[in-house]
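Reader: Hi! I'd love a close look at one part of this model, the surroundings of a bound ligand. Could you walk me through what you find there?

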Amino acid sequence: MKRRRLLLPSVATALLFLGLNNLAFAADSPAKTLDEDQMAQADCVGCHINVNPGIVKQHMEGPHANTKKVEDEVRCHDCHGVDHKTMDDVEKASMPTPEICGECHKKQARQHRDGKHNLAWLAMKSQIAWHGQPGSITEQGYRGCSGCHKIGEKGLLAATQGNLGDVKRDGGKEAATYRYGNAQCDACHTRHSFKASEAMDPRACSNCHMGFDHPQWEMYTSAKHGIVWQIEGHVNEGGRAPTCQTCHLSEGDHEVRTAWGFLGLRIPTKENVLALIDVAPSLKEPLTKLAGLLPSGHYMDVDDDPQWTFDRALILQAAGILDASLQPTERFIEIVVQGQAARGPEEFNVERKKMKATCNKCHAQGFVNEHFKASDEIIKAADHEFAKAITAVQALYKDGILQKPEGWEYAPDLLQYYEAKTSIEQELYLIMLEYRQRTFQGAFHASNDYMHWYGWAPLKTAVNTILEEAKRMRAEHDSKKMAAK
Ligand code: HEC
Ligand code: HEC
Ligand code: HEC
Ligand code: HEC
Ligand code: HEC
Ligand code: HEC
Ligand code: HEC
Ligand code: HEC
């Protein structure tokens with residue numbers, strides 16, 4: 001364990017400190033002199049016990065002030081530096097990033113950095129709908145997107161040359177414009193207790209993994225796993241029921257990632273796309289070109305039905321990830337490659353195998369395989385319904401019944417979210433971000449109600465509404481044209 005050495009000596013307000021601290025040196029012998037670290041700690045604590053008693057109490061009762069070995073004790077200045085010393089230089093206190101935590105917790109910091117959570121800020125900023133919302137929702141205020149997505153690292157830059165999968169770092173520039181919210185690790189281990197037990201409780205995930213487009217908390221607590229966890233007294237490890245952490249941070253691995261991901265997308269393989277040519281020969285040229293850019297391989301468990309590949313190509317097109325001639329756009333690079341919104345076959349299979357092995361600890365292989373097969377098929381069914389609705393809206397644009405809004409690069413554009421200009425496109429957005437999400441996420445989390453009544457049922461309703469509305473708009477357009485003649 002590497003300890004950050006103190007560079008500057010400070011004046012100790014040791015007497016105040018001795019009164020409230022349980023440190024060994026105090027018990028040892030009052031005559032023993034304090035070293036620089038202890039003096040600095042006495043300063044911070046001595047003043048802050050009056051300034052923010054809650055913070056001092058949590059720190060003093062927490063693991064960092066009560067380490068197994070006394071000499072490992074972690075002090076305020078290990079995370080905040082020593083430059084701030086008085087009431088008047090508060091801005092000199094520094095705020096920790098995962099690098100600071102990582103000086104002592106290398107493994108967790110590395111896993112987190114390599115994982116999906118670290119990409120959360122980049123993924124948020126890759127969204128066209130993120131632009132143009134008030135800053136208190138998307139940036140400094142942390143009252144919306146940014147409040148949840150601050151679990152990700154700031155200042156990740158998309159690589160524009162070389163390996164497009166790489167991300168570069170801006171050397172702390174973006175983070176420096178934020179006073180708070182760069183710590184990331186405190187998303188699950190809240191300050192200043194920093195408890196492992198808190199992070200192991202599924203409720204620790206529930207402030208973010210809930211609600212509109214990712215109600216994992218609601219699904220978990222309405223499925224047998226979460227219900228048993230509740231009935232049996234919230235046992236987090238070694239209990240009968242798995243928690244979010246059992247399945248997603250197994251063995252304490254901080255590198256969270258799932259096979260399908262948030263959007264239930266995957267990168268089509270070369271083979272998938274070439275197989276499509278037989279079904280749609282007129283698209284031979286663009287499909288051959290597209291196939292040349294894609295990885296080769298096979299997704300375990302998942303079938304290669306060309307209709308499904310086609311449905312998914314339409315979804316990617318409506319999201320502006322593939323263009324009108326089915327070629328990848330800059331969004332493909334930013335969202336799919338760099339934000340890792342979809343996995344290729346190699347990564348998918350690794351994650352799927354890992355997850356199945358976790359289920360196998362409590363369930364039979366056959367039972368687990370059935371569960372995954374059914375859930376994968378539900379994505380396929382949802383994609384087919386979604387594609388019908390997309391086709392109808394695309395045709396409205398093609399036939400001039402809808403006009404591309406000014407400033408939009410693509411239309412329809414699912415990633416405009418709630419900025420969509422027509423009610424028919426508002427429905428399409430709800431399918432993408434609410435109903436389809438709930439359908440497959442509910443299936444994987446064994447919440448039948450979310451899968452069906454909050455997912456599939458409104459999805460079908462919305463598709464029917466869209467088809468009906470498209471018909472009506474078309475008729476209205478035709479009769480206007482007739483009248484004009
Ligand atoms: C003489 C009193 C005093 C001493 C000594 C002191 N602080 Fe502070 N500190 C303050 C005050 C006052 C604030 C402002 C608190 C507020 O706004 O509620 C503050 C704020 C902070 C902040 C938050 C800064 C922010 O922008 O929100 C941190 C972190 C901090 N102190 C850490 C430390 C550390 C670490 C030490 C010891 C190296 C220390 N303090 C020593 C009085 C002190
Ligand atoms: C100077 C070294 C150091 C730094 C910096 C540090 N820690 Fe720790 N941390 C420790 C030590 C030492 C322990 C306790 C291990 C022991 O009991 O011996 C610990 C324990 C923990 C635990 C486990 C607590 C438990 O309930 O068992 C968590 C979680 C944790 N730290 C998170 C963090 C986070 C998050 C940061 C950054 C904001 C951080 N640490 C910064 C040294 C450090
Ligand atoms: C502060 C909010 C926050 C908390 C707390 C949080 N997450 Fe996340 N989580 C996110 C965000 C945002 C993403 C999306 C990151 C991305 O994909 O760029 C995410 C992504 C994930 C993913 C990856 C899904 C995929 O795309 O494959 C998993 C799994 C996950 N979280 C599980 C958990 C678990 C389990 C917990 C609790 C131990 C947890 N998260 C706590 C915000 C949070
Ligand atoms: C293990 C690392 C760690 C230690 C030790 C630590 N802090 Fe913090 N502190 C944090 C983190 C993380 C934040 C949140 C930073 C952010 O939002 O970017 C924080 C924020 C703060 C804040 C401002 C935010 C708030 O909630 O008001 C104050 C004040 C503060 N710490 C004081 C202290 C004092 C005093 C001590 C010692 C008793 C201490 N800290 C010890 C990690 C630490
Ligand atoms: C998504 C939630 C989440 C985030 C974010 C997170 N942790 Fe953890 N952390 C956990 C969970 C869950 C455990 C308990 C793992 C276990 O023992 O099974 C844990 C355990 C730990 C432990 C104790 C390990 C042990 O063996 O006792 C340390 C130390 C730790 N985390 C440090 C960090 C650091 C440093 C960061 C930031 C780089 C971080 N964590 C970010 C969820 C999280
Ligand atoms: C019994 C194991 C299990 C539990 C418990 C569990 N999950 Fe999952 N989770 C899964 C499986 C399986 C998938 C889909 C994996 C795949 O893509 O193949 C998944 C997918 C996810 C995803 C990606 C999007 C999605 O929903 O399909 C996130 C995020 C996530 N889970 C978070 C959570 C959170 C947060 C909790 C706790 C509230 C939780 N999970 C509880 C097994 C579990
Ligand atoms: C309540 C917390 C919360 C809010 C608010 C929120 N998100 Fe998220 N976001 C998450 C979580 C959690 C995930 C991961 C869910 C999953 O994998 O199922 C996520 C996933 C994402 C992803 C997918 C990342 C990927 O690679 O799969 C994008 C993009 C995204 N959010 C953008 C945004 C934007 C833009 C906003 C605001 C307009 C926003 N989010 C608001 C919590 C939130
Ligand atoms: C720690 C043990 C444990 C793990 C790990 C676990 N389960 Fe379960 N599971 C249970 C228990 C206990 C029940 C409730 C009793 C029963 O139905 O067998 C249950 C029930 C279920 C049910 C039945 C729900 C119902 O309504 O009938 C399904 C489906 C299921 N689990 C799937 C999975 C899948 C898939 C995984 C892995 C992603 C998994 N489980 C991981 C313990 C576990």
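Author: Happy to! Let's start with a polar contact, meaning a pair of N or O atoms within 3.5 Å; within protein, one must be able to donate a hydrogen and the other to accept it, and residues adjacent in sequence count only if both atoms are side-chain atoms. One such pair joins a polar side-chain atom of K116 to an oxygen atom of ligand 7, 2.7 Å apart. Before going on, please note that this is a predicted model, in which local features need pLDDT of at least 70 and side-chain atom pairs count only at pLDDT 80 or more, while totals for chains, interfaces and linings use all residues. Residues are numbered from 1 along each chain as its sequence is written, chains are lettered from A and ligands numbered from 1 in the order in which they are written, and side-chain values use heavy atoms, with hydrogens and water left out.

Back to ligand 7. Two histidines face its nitrogen atoms: in the side chain of H149, an N or O atom is 2.9 Å from a nitrogen atom of the ligand, and a polar side-chain atom of H214 lies 3.4 Å from a nitrogen atom of ligand 7.

Now for the whole shell, where a residue is near if one of its heavy atoms lies within 4 Å of the molecule. Ligand 7 has 18 residues around it, and K116, C145, C148, H149 and Q216 are the closest. Helices are DSSP runs (H or I, at least four residues), numbered from the N terminus. Both α8 (120-125) and α10 (145-149) supply at least two residues of this shell, and α10 gives the largest share, three residues.

What is the make-up of the shell around ligand 7 by class? There are eight nonpolar, nine polar and one charged residues. Here Ala, Val, Leu, Ile, Met, Phe, Trp, Tyr, Cys and Pro count as nonpolar, Asp, Glu, Lys and Arg as charged, and the others, Gly among them, as polar.

Where does ligand 7 sit relative to the domains? It lies between domain 2 (95-194) and domain 3 (270-484), because both give residues to its shell; the bounds come from an automatic or database domain assignment.

Ligand 2 is a handy companion to look at. Domain 1 (14-92) and domain 2 (95-194) both contribute to its shell, so ligand 2 lies between them. Of the 17 residues around ligand 2, H64, C101, C104, H105 and A196 come nearest. A nitrogen atom of ligand 2 is 2.8 Å from an N or O atom in the H105 side chain.
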